[in-house]
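User: Please take a close look at how side chains meet in this model, and set out your reading step by step for a first-year student.

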Amino acid sequence: MSNHTAHAIPAHVLKELRDRDDAGRPAVAVTDEEGGAPLRCCLRHSVPGESLTLVSYAPLRRWAAATGADPGAYDEQGPVFVHAEECAGPAGEGLPFTNAHRVLRRYSAEGRILGGRLVETDFAAALDEAFDDPSVAFVHVRAVEYGCFYYEVTRDQPIGRLAG
């Protein structure tokens, strides 16, 4: 059994992003003809015909605004796919999008990066290793190719990291 939890972007943040994203742009809905886009609202891949929007998201900036932390230069924003309309959120537990190489970035409670690691296969073990360090407050799972944010992982204690 895992001792960490993957978190989709919270519903109240998604509502804001669907209006204006973190770069200040209005969301534009498109029909996904091919499917396969990694959806950060429900942590699954899209299926052909779904209505999606690609928005700019700044997870550390939003978290820092809610907590008073200062991520400094690590305040980055990037593209994420979400459903164009409200969805039910994640349907299950576990670690989604682990069928490819990913980067795990470890962060302190102050929002400072504590390191990163390329993970090829055993995500649960890599997360256990990351959280063995008591100074690690949360981990971001990111794409290798473009560095895109997939989701945040916390220890199995509700700490509401992805604040809006």
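Analyst: A salt bridge is a side-chain nitrogen of Lys or Arg within 4 Å of a carboxyl oxygen of Asp or Glu. The model is predicted, so local features need a pLDDT of at least 70 and side-chain atom pairs count only at pLDDT 80 or more, while totals for chains, interfaces and linings use all residues. Residues are numbered from 1 along each chain as its sequence is written, and side-chain values use heavy atoms, with hydrogens and water left out. Helices (DSSP runs of H or I, at least four residues) and strands (runs of E, at least two) are numbered from the N terminus.

Salt bridges come at the start of this account. Side chains of opposite charge can pair when their charged atoms come close. The structure holds eight salt bridges. In one of them, Asp22 pairs with Arg62, and their closest N and O atoms are 2.8 Å apart. Asp22 belongs to the loop between helix 1 (11-19) and strand 2 (30-31), whereas Arg62 is in helix 2 (residues 59-67), so this pair ties together parts that are 40 residues apart in sequence. Both Asp22 and Arg62 are buried, a word that stands for under 20% relative accessible area, with exposed meaning over 50% and partly exposed in between (1.4 Å probe, protein chains only). A network of salt bridges links these two residues with Glu16.

A further salt bridge joins Asp75 and Arg61, at 3.2 Å from N to O. This pair links distant parts of the chain, since Arg61 is in helix 2 and Asp75 is in the loop between helix 2 and strand 6, 14 residues apart. Asp75 is partly exposed, with a relative accessible area of 30%, and Arg61 is partly exposed at 33%.

Glu76 pairs with Arg142, with 3.5 Å between the closest N and O atoms. Because Glu76 lies in the loop between helix 2 and strand 6 and Arg142 in strand 9, the bridge ties together parts that are 66 residues apart in sequence. Here the two partners differ in setting: Glu76 is partly exposed at 30% relative accessibility, but Arg142 is buried at 5%.

Aromatic rings offer another kind of meeting. Rings of Phe, Tyr and Trp (its six-membered ring) pair if their centres lie within 6.5 Å; planes under 30 degrees apart count as stacked, over 60 as edge-to-face and the rest as tilted. By this rule there are four aromatic pairs. Phe97 and Tyr150 make a tilted pair, 5.2 Å centre to centre with 45 degrees between the planes. The two rings come from distant parts of the chain, 53 residues apart: Phe97 from the loop between strand 6 (78-83) and strand 7 (102-107), and Tyr150 from strand 10 (residues 149-155). Phe97 is buried at a relative accessible area of 6%, and Tyr150 is buried at 9%.

Tyr107 and Phe138, by contrast, are stacked, at 5.3 Å centre to centre and 15 degrees between the planes. Tyr107 is in strand 7 and Phe138 in strand 9 (residues 138-143), so the pair ties together parts that are 31 residues apart in sequence. Both Tyr107 and Phe138 are buried, and ring pairs link them with Trp63 into a cluster.

Tyr150 also has a charged partner: Arg40 lies over the face of its ring, at 4.7 Å from the ring centre. A charge sits over a ring if NZ of Lys or CZ of Arg is within 6 Å of the ring centre and within 35 degrees of the ring normal.

The backbone deserves a brief word. Most residues other than glycine have a negative phi. Phe97, however, has a positive phi, near 60 degrees. Leu43 has a positive phi as well, near 55 degrees. Leu43 is placed in the loop between strand 3 (38-39) and strand 4 (44-45) and is buried, at 12% relative accessibility.

Finally, there are the nonpolar cores, each a set of buried Ala, Val, Leu, Ile, Met, Phe, Trp, Tyr and Cys residues joined through side-chain atoms within 4.5 Å. The largest has 19 residues, of which Leu104, Val139, Tyr151 and Val153 touch the most other members. Helix 3 (123-131), strand 9 and strand 10 are the elements that give two or more residues to this core. Helix 3 supplies the largest share, five residues. Apart from this largest core lies another, of 14 residues, including Leu14, Leu17, Leu52 and Phe149. Leaving aside neighbours within four places in sequence, Tyr151 is in contact with residues that include Leu43, Phe97 and Val139, where contact means heavy atoms within 4.5 Å.
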